[in-house]
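Here are a few exercises to work through with the coordinates loaded. Try each one yourself before reading the solution.

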Amino acid sequence: MGQRIAIVSAVHEELAEILALMPDERKTVAADREFWHGHLQGHEVLAVLSGIGKVAAATTATAVMERFQPQQVLFTGVAGGLAPGVEVGDIVVGTTFLQHDLDASPLFPRWEVPGRGCSRFAADLALTQVLHEAARDAVTWLPKLLDADTLRLFGLHAPSVHRGEIVTGDRFVSSAAESAALRAALPEALAVEMECAAVAQVCADYGVPFAAVRTISDRADDDAHVDFQRFLQQVARHYSGRIVRKALNLL
C-alpha cells in the first residue's frame, strides 16, 4: 500500500518536472500556494512550490501538514557548494540541517533554536538512504540526458553524490568572502541554501519524517549567479524528476 508523501520544490523548473510524472494531478490553492494532488509510483503525492526563504518555506510546510497530513516529506532543490570537492552538478543528500544566520546569543548559544535545545535537525535515516540511492542512480544517467555543450559548460562529466550537513539562511551566498566565512564557522557544512532547515523544523514540530536532496548549481562564490537559469532549465530539472521517481519507487 502506498504512502502519503509531500514533495516540496524550491524552483518552478523542478516542480514542473515532477508534475509531468503525475498522470492525475489536480490543483488546489491555499495560503497563496498551489498544491498539486495526485499519484506517483503507487503513492498519494502532494507537490508544492515552497517559495524562496525560510518564512516562505515554513509557511508552505505548515500548510502541507494541516491540509494533507503527510506521512513523509521530501524536499528537492538547488544549493551552493561549500565544502571542498562539492562541485557544480554534484548532489548533496542532507543528513542534518542548521540555520546559519540564527543567533539569539547571549540568551542561547549561536545557531541554537530557542525552545528546542538544539541547533540541528536530523533527516530521517531511512528516507535519506532512499534519496542517496536515487541520487546515485541519477548521476549515472545525467550524461545521457544532456547535450555535449551543457556538459562542457558546467563541467558535468563525473558528478558525485555527497551526504552531510546542509545549512540554511535568508541570503543568497554569492561571494567568495561569504563562502569562506561559512566554511570557517561551520566546517561540516557541505552546501548552503535558503529553505531546508525551516522545513525540517516544521516537520520536527509535527513529528513527520523529513529528507532533502539538493543539486549543486554553483560554488556560492563570486560566480554564483552565472548561468543559474540555464542550470535550472538544463540540469536541475532532470535530476529532480529522476531522483523523485526513483525514490518513490524504492519506498
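## Two backbone oddities in loops

**Exercise 1.** Work out whether Gln69 is buried, partly exposed or exposed, then find where Gln69 lies and check its phi.

*Solution.* Start with the accessibility. Gln69 has a relative accessible area of 43%, so it ends up as partly exposed; the partly exposed class sits between the 20% and 50% cut-offs. Bear in mind that this is a predicted model. Next, the location: Gln69 belongs to the loop that links helix 2 (54-68) with strand 5 (72-81). Last, the backbone: phi is positive here, about 45°, although Gln69 is not a glycine.

**Exercise 2.** Do the same for Asp32: give its phi, its loop and its exposure.

*Solution.* Take phi first. Asp32 has a positive value near 60°, and it is a residue other than glycine. Now the loop: Asp32 is found between strand 2 (26-30) and strand 3 (33-40). Finally, with a relative accessible area of 73%, Asp32 counts as exposed, since exposed means over 50%.

## A cis peptide

**Exercise 3.** Determine whether the peptide bond from Ser105 to Pro106 is cis or trans, and place Pro106 in the fold.

*Solution.* Check omega: it is near 5° for the bond from Ser105 to Pro106, and that bond is cis. Then look at the surroundings in sequence: Pro106 is in the loop between strand 6 (91-99) and strand 7 (120-122).

## Cysteines without partners

**Exercise 4.** Find how many disulfides the whole structure has, and explain the result for Cys118 and Cys203.

*Solution.* Recall what you're looking for: a disulfide is a covalent bond between the sulfur atoms of two cysteines. A search of the whole structure turns up zero of them. The cut-off for the sulfur pair is 2.5 Å. For Cys118, the closest cysteine sulfur is in Cys203, 14 Å away, which is too far for a bond. For Cys203, the closest cysteine sulfur is in Cys196, at 9.8 Å, and that is too far for a bond as well. As for their settings, Cys118 is partly exposed at 23% relative accessible area, while Cys203 is buried at 1%.

## Two helices

**Exercise 5.** Figure out how many residues of helix 6 (residues 196-206) are buried, and what follows the helix.

*Solution.* Go along the helix: eight of its eleven residues are buried, so helix 6 is mostly covered. Among them are Cys196, Val199, Val202 and Cys203. Helix 6 is followed by Gly207, which has a positive phi near 70°.

**Exercise 6.** Place Thr128 in its helix, and say which residues it touches beyond four places away in sequence.

*Solution.* Thr128 sits in helix 3 (residues 125-145). With 2% relative accessibility, it counts as buried. Leaving out residues up to four places away in sequence, its contacts are Val93, Gly94, Thr95, Ala123, Arg163 and Ala211.

## The whole chain

**Exercise 7.** Decide whether the radius of gyration agrees with a compact globule, and sum up the fold.

*Solution.* For 251 residues, a compact globule would come near 18 Å; the chain has 17 Å, which agrees. The box around the C-alpha atoms is roughly 50 × 45 × 30 Å along the principal axes. Inside, 56% of the residues count as buried. Of the contacts between residues at least 6 apart in sequence, 77% join residues at least 24 apart. The secondary structure consists of seven helices and ten strands.

Technical notes. Residues are numbered from 1 along each chain as its sequence is written. This is a predicted model: local features need pLDDT of at least 70, side-chain atom pairs count only at pLDDT 80 or more; totals for chains, interfaces and linings use all residues. Side-chain values use heavy atoms; hydrogens and water are left out. The radius of gyration is taken over C-alpha atoms; the globule rule is 2.2 Å times the number of residues to the power 0.38. Buried means under 20% relative accessible area, exposed over 50%, partly exposed in between (1.4 Å probe, protein chains only). Contact means heavy atoms within 4.5 Å.
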